[in-house]
Amino acid sequence: MSTYQSPILDPESIPQVALNTMNDTHREEVELINLLGTLLEQAMQGQTDDMAITHKMEEWVEHTRQHFDRENQLMEQFGFPAYAMHSGEHQRVLGKIEKLHQQWLENKAVEPLAEFIFHDWPQWFNMHVNTMDTVTAQFLSQKMGKASL
C-alpha cells in the first residue's frame, strides 16, 4: 500500500486563474477531495464507512460534472480556440472518475480509489489548472469582462 497523506491539496495553494468563479469551483473541488481523502485514510486504518465514502464520491462526481459542464459551455459560447482539446480533457478525466465511482460501488475497494485521489488526481489537477484553465480563464475574462463575473 502506498503512503497517503491529507490534506491532499491545501486550498490556499491552489493556482489562481483570471476568473473568480473558476477559482471558487476549484476550491470547492479541493475541499471535497480532502474530505474524501480523510474518509479513505480512515478506511485504510480499519475504520471504513462505506456509506460516507459512497456519498462523498457521488458528491464529487456531480460537482465535477457541473464544473466541467460550466467551463465547456463558456468555452463554446465565447469561441475558445482550444475548446475541443480542453473539453476532451474534461471528458477523459470525468470518465476516469465515473469509472472509479462505479468500481467503488461494485467492490468497495479502497486502494484503487485512494491511489487515484492521493496521487493521480492532484498531479492532474495542478497541471490542468496551471495550463488549460489558466489560458481558458484569461481568454474568457477578456471576452466577458471581469465586471460581469
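Student: Which residue follows helix α1 with a positive phi?

Tutor: Let's start with the helix itself, remembering that this is a predicted model. Helix α1 covers residues 20–44, and its 25 residues reach 36 Å from the first C-alpha to the last, close to the 36 Å expected at 1.5 Å a residue. After α1 comes a residue whose phi is positive, near 90 degrees, and that residue is G46.

Student: And which residue with a positive phi follows α2?

Tutor: Helix α2 takes in residues 50–77. Its 28 residues reach 40 Å from end to end, counted between the first and last C-alpha, close to the 40 Å expected at 1.5 Å a residue. The residue that follows α2 has a positive phi near 65 degrees, and it is G79.

Student: Thanks! What pattern does the protein chain follow along the sequence?

Tutor: Begin by counting the elements: the secondary structure comes to four helices and zero strands. Reading along the sequence then gives the pattern α-α-α-α.

Student: What radius of gyration does the protein chain have?

Tutor: Good one, and we can set it beside a reference value. The C-alpha trace spans about 50 × 30 × 20 Å along its principal axes. For 149 residues, a compact globule would have a radius of gyration near 15 Å, and the value for this chain agrees with that: 16 Å.

Student: What percentage of the residues in the protein chain count as buried?

Tutor: Here the cut-off helps: a residue is buried when its relative accessible area is under 20%. On the outside, the chain exposes about 8000 Å², with carbon and sulfur atoms supplying 50% of that area. Of the 149 residues, the share that counts as buried is 43%.

Student: Which helix gives the most residues to the largest nonpolar core?

Tutor: In soluble globular proteins, nonpolar side chains tend to be buried together. The largest nonpolar core here has 38 residues, and those touching the most other members are L40, I53, W60, L113, I117, W121 and F125. Each of α1, α2, α3 (83–107) and α4 supplies at least two residues of this core. The helix that gives the most, with 13 residues, is α4.

Student: Which residues is L113 in contact with, leaving aside its neighbours within four places in sequence?

Tutor: L113 is among the core residues that touch the most other members. Contact here means heavy atoms within 4.5 Å. Leaving aside neighbours within four places in sequence, the partners of L113 are L40, I53, M57, L100 and W104.

Student: How many aromatic pairs are there, and is the pair of W60 and F116 stacked or tilted?

Tutor: Ring centres must lie within 6.5 Å to pair, while planes under 30 degrees apart are stacked and those over 60 are edge-to-face. By this rule there are six aromatic pairs. The centres of the W60 and F116 rings are 6.4 Å apart and their planes stand at 45 degrees, so this pair is tilted.

Student: How many residues apart in sequence are the parts that this pair of W60 and F116 ties together?

Tutor: W60 counts as buried at 0% relative accessibility, and F116 counts as buried at 8%. W60 lies in helix α2 and F116 in helix α4 (residues 110–144), so the pair ties together parts whose separation in sequence is 56 residues.

Student: Which residues do ring pairs link into a cluster with W60?

Tutor: Another pair helps here: W121 and F125 are stacked, at 4.6 Å centre to centre and 25 degrees between the planes. These two are four residues apart in helix α4, which separates them by about one helical turn. Both W121 and F125 are buried. The ring pairs link W60 into a cluster with F116, W121 and F125.

Student: How far apart are the C-alpha atoms of L32 and H63?

Tutor: L32 sits in helix α1 and counts as buried at 7% relative accessibility. Leaving aside neighbours within four places in sequence, L32 is in contact with K56, E59, W60 and H63. L32 and H63 are 31 residues apart along the chain, and their C-alpha atoms are separated by 8.9 Å.

Student: Last one: how far apart are the C-alpha atoms of M75 and A137?

Tutor: M75 lies in helix α2 and counts as buried at 0% relative accessibility. Its contacts, leaving aside neighbours within four places in sequence, include T136 and L140. M75 and A137 are 62 residues apart along the chain, and the separation of their C-alpha atoms is 9.3 Å.

Technical notes: Residues numbered from 1 in each chain as written. Predicted model: local features only at pLDDT ≥ 70, side-chain atom pairs only at ≥ 80, totals over all residues. Heavy atoms only, no water. Buried < 20%, exposed > 50% of the residue type's maximum accessible area, 1.4 Å probe, protein only. Expected span 1.5 Å × (residues − 1). Rg over C-alpha atoms; globule rule 2.2 N^0.38 Å. Areas by Shrake-Rupley, 256 points an atom, 1.4 Å probe, with all protein chains shown as cover. Core = buried A, V, L, I, M, F, W, Y, C linked by side-chain atoms within 4.5 Å.
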